[in-house]
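Trainee: Could we go through this structure together and check the reasoning behind each label?
Mentor: Happily, let's have a look.

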Amino acid sequence: MIKRKSLALAAMASLIFLGACMDTSSPSASDDPNRNTKQGALIGGLVGAGIGVAVGDDADERRRGAVIGGLVGAGSGALIGRQLDKQAAELRQDFNNGAIDVVNTGEQLIVTMPQDILFDFDSTAVRSSLRRDLGVLADSLNRYPNSNVIVIGHTDNVGSASYNQDLSERRARAVSSVLINNGVRGGRLRSIGRGEDQPVASNLTPEGRQQNRRVEIVIQPTGQ
């Protein structure tokens, strides 16, 4: 048991050293368009090495398992990271709307659309002007089919909490319906309403309330 733990720690230490050599935390690395590919390879390698160690029956098998598992995991992680980097870059280029934000966390993409551009006041009908942008998003999801998508509606705190919860759910479903109508498979989509429970800014100012009224589309890769 002690040897197994030692081998696991050694494998992980080697991959951590590899990550340090990548130096993804430096200022220049933050502008690296492939930094999430590198991070994905590192994370996948760590996981794969740990699994390889765990399944071995003796020291030699565990060493081989750590190496093989690390290589396989790194390759899978790099593939997902590369997909996210590419998809994020394409979305930022293709959206014809500076108000839409695309954030690549390294593990998933979060596309944020302010509700004020998506819907009229107290409405759940998506504005015709935003249907093009949702069509762009749908095209991207169809080009990258190996992901699940969570559509999350958020509101400010104006009105009752129960009303805001219901409104956020209906607006999330409305966005999902547009994506489905543009060819995205319904089984990939899940609609959630968070109401006023997850603000990103203060509800004490008009500007803050405007930021809180939003729909987030979270794209989570499932592997290849």
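**Labels and the values behind them**

Mentor: Let's begin with one residue. Leaving aside neighbours within four places in sequence, His-154 is in contact with Gln-115, Ser-168, Arg-194, Gly-195, Gln-198, Asn-212, Arg-213, Arg-214 and Glu-216. Keep in mind that this is a predicted model.

Trainee: Where does His-154 lie, and why does His-154 count as buried?
Mentor: His-154 lies in strand S3, residues 147-154. Buried means under 20% relative accessible area. The relative accessibility of His-154 is 0%, so His-154 counts as buried.

Trainee: What makes Gly-135 count as buried?
Mentor: Gly-135 has 9% relative accessibility. The cut-off is under 20%, so Gly-135 counts as buried too. You will find Gly-135 in helix H5. Its C-alpha atom is separated by 9.7 Å from that of Phe-95, 40 residues apart along the chain.

Trainee: Which other residues of H5 are buried?
Mentor: Besides Gly-135, the buried residues of H5 are Leu-130, Asp-133, Leu-134, Val-136, Leu-137, Ala-138, Ser-140 and Leu-141.

Trainee: How do you know that the length of H5 is close to the expected one?
Mentor: Helix H5 covers residues 128-143, which is 16 residues. The expected span is 1.5 Å times one less than the number of residues, and for H5 that gives 22 Å. From first C-alpha to last, H5 reaches 23 Å, close to that value.

Trainee: Why are H5 and H6 called oblique to each other?
Mentor: The axes of H5 and H6 (residues 161-181) come within 9 Å and cross at roughly 60 degrees. Angles under 35 degrees count as roughly parallel, and 65 to 115 as roughly perpendicular. The angle here fits neither range, so H5 and H6 are oblique. The contact is made by Arg-131, Leu-134, Leu-137, Ala-138 and Leu-141 of H5, together with Val-175, Val-178 and Leu-179 of H6.

Trainee: What is the handedness of the crossing where H5 passes H6?
Mentor: H5 passes H6 in a right-handed crossing.

Trainee: And the whole protein: how many helices and strands are there?
Mentor: There are seven helices and five strands, following the pattern α-α-α-β-β-α-α-β-α-β-α-β along the sequence. Of the 224 residues, 43% are buried.

Trainee: What share of the contacts between residues at least 6 apart in sequence joins residues at least 24 apart?
Mentor: That share is 70%.

Conventions:
Residues numbered from 1 in each chain as written. Predicted model: local features only at pLDDT ≥ 70, side-chain atom pairs only at ≥ 80, totals over all residues. Heavy atoms only, no water. Helix = DSSP H or I, 4+ residues; strand = E, 2+ residues; numbered from the N terminus. Buried < 20%, exposed > 50% of the residue type's maximum accessible area, 1.4 Å probe, protein only. Contact = heavy atoms within 4.5 Å. Axes fitted to C-alpha atoms, helices over the stretch in contact; angles between N-to-C directions. Parallel < 35°, antiparallel > 145°, perpendicular 65-115°, else oblique. Left-handed = near helix turned anticlockwise from the far one by under 90°.
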